[in-house]
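Biologist: Hi! Could you pull up the model so we can talk it through?
Modeller: Sure, here it comes.

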Amino acid sequence: MSSFEQTLKSDIDLVNEALDKYLQVTDSDYGKVIEAMRYSVMNAGKRIRPVLTMEFCRLNGGNKKGALACACAVEMIHCSSLIHDDLPCMDDDDLRRGKPSCHKAFDEATALLAGDALILKACEVIALSDTKKSVATKAIGILSSLAGTEGMIGGQVIDLASEGKKIDADTLSKMHSLKTSALIRSACCMGAVCADADEENVKNASEYGEYLGLAFQVIDDILDVVGDEKQLGKPIGSDEQNDKTTYVSLFGLESAHKKAEQYTNKALSILDKYEGSEFLKELTKTLLKRNK
């Protein structure tokens, strides 16, 4: 196992252990909703966002374990968005990560409540952690803002309004900057904040997250066309079926690949400003080559 693989595994193990503790079923009267939360959060996943939180803390001179609460919180928000995205009123997807979506494994009402509960749990986890209160306040503000109407939720609104319509490149870029990049930006920024980074370094974290998120979305669009359903854990071709404008439908596969490379290179150029960024550089390059 390479040094990169060892670090990645170590980070993911830390996150999984902490998430398991945060999501213990303690009361049978409402245990079903916690089981649904656990089902969605502990159901594999790449854990990219929490890893970014911890590694940006380390990159800015902090102890990455000190960013663990924020790392778990951003993963909870991410998983809540997946639960809600899969609902019949949204994307109406029956599979997630190779298993039935939360509303299929349980029911729609429980899935809705589980998604809502994860959002609240994320704020609780940060607020009640050992994180310095001034840092916790900043982190909750960052996460709430970039997951809300000015970020992820705003992007989802644009996405739903764009179904069945041909949208231009600027609208597509704005949609994915909000829907995908915003939460990745929050992960990076919270990590920097946990290390008491100054404004310039928090800005660097935000810009890196923006570019990485856009590259991530372009690859998602490509995989929806040429990916392997078994590896992805969900059906491919859903974008075309739902008549969605994507980077592939707008620019073609070859140009989409070039766009992903351009965004990745911009993200890497920000990491060039830091010593000890080798792990994050390798992670950035790996995400460009991912097949799931």
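Biologist: Thanks! Which helix holds proline 50?
Modeller: Proline 50 is in helix α3, which covers residues 48-59. Keep in mind that this is a predicted model.

Biologist: Got it. Is proline 50 buried or exposed?
Modeller: Buried, because its relative accessible area is 0%, and the cut-off for buried is under 20%.

Biologist: And what does proline 50 touch, leaving out residues up to four places away in sequence?
Modeller: Proline 50 touches Val15, Ala71, Val74 and Glu75.

Biologist: How far is proline 50 from serine 2 in space?
Modeller: The two are 21 Å apart, C-alpha to C-alpha, with their positions 48 residues apart in sequence.

Biologist: Let's switch to empty space. How many cavities of 30 Å³ or more are there?
Modeller: The structure has two of them. The largest cavity holds about 90 Å³ of space.

Biologist: Which elements give two or more residues to the lining of that largest cavity?
Modeller: Those are α2 (31-41) and α4. Helix α4 provides the largest share of the lining, with four residues.

Biologist: Which residues line the largest cavity?
Modeller: Among them are Tyr39, Ser40, Cys79, Leu82, Asp86, Arg96 and Arg97.

Biologist: Asp86, okay. What does histidine 103 contact, apart from neighbours within four places in sequence?
Modeller: Asp86 is one of its contacts, and the others are Leu87, Pro88, Asp93, Asp94, Glu108 and Ala111. Histidine 103 lies in helix α5, residues 102-105.

Biologist: Why does histidine 103 count as buried?
Modeller: Histidine 103 counts as buried because its relative accessibility is 7%, and the cut-off is under 20%.

Biologist: Next topic, α8. Which of its residues are buried?
Modeller: In α8, residues 152-162, the buried ones are Met152, Gly154, Gly155, Gln156, Asp159 and Ser162.

Biologist: What do those buried residues pack against?
Modeller: They pack against three helices: α4 (68-86), α7 (133-147) and α9 (169-194).

Biologist: And which phi does glycine 164 take, just after α8?
Modeller: Glycine 164 has a positive phi of about 80° there.

Biologist: Last one, the surface. Which residues make the nonpolar patch?
Modeller: Val225, Val226 and Leu253 make a nonpolar surface patch of about 230 Å². Valine 225 sits in helix α10, residues 199-226.

Biologist: Why is valine 225 called partly exposed?
Modeller: Because its relative accessibility is 44%, and partly exposed covers values between the 20% and 50% cut-offs.

How values were computed:
Residues numbered from 1 in each chain as written. Predicted model: local features only at pLDDT ≥ 70, side-chain atom pairs only at ≥ 80, totals over all residues. Heavy atoms only, no water. Buried < 20%, exposed > 50% of the residue type's maximum accessible area, 1.4 Å probe, protein only. Contact = heavy atoms within 4.5 Å. Patch = residues over 30% accessible without salt bridge, like charges linked within 9 Å, V, L, I, M, F, W, Y side chains within 5 Å. Areas by Shrake-Rupley, 256 points an atom, 1.4 Å probe, with all protein chains shown as cover. Salt bridge = Lys/Arg side-chain N within 4 Å of Asp/Glu carboxyl O. 1 Å grid on protein atoms, 1.4 Å probe; cavity = no way out; pocket = protein on both sides within 12 Å on 5 of 7 lines; lining within 4 Å. Points joined across faces, edges and corners; volume = space filled by probe spheres on them.
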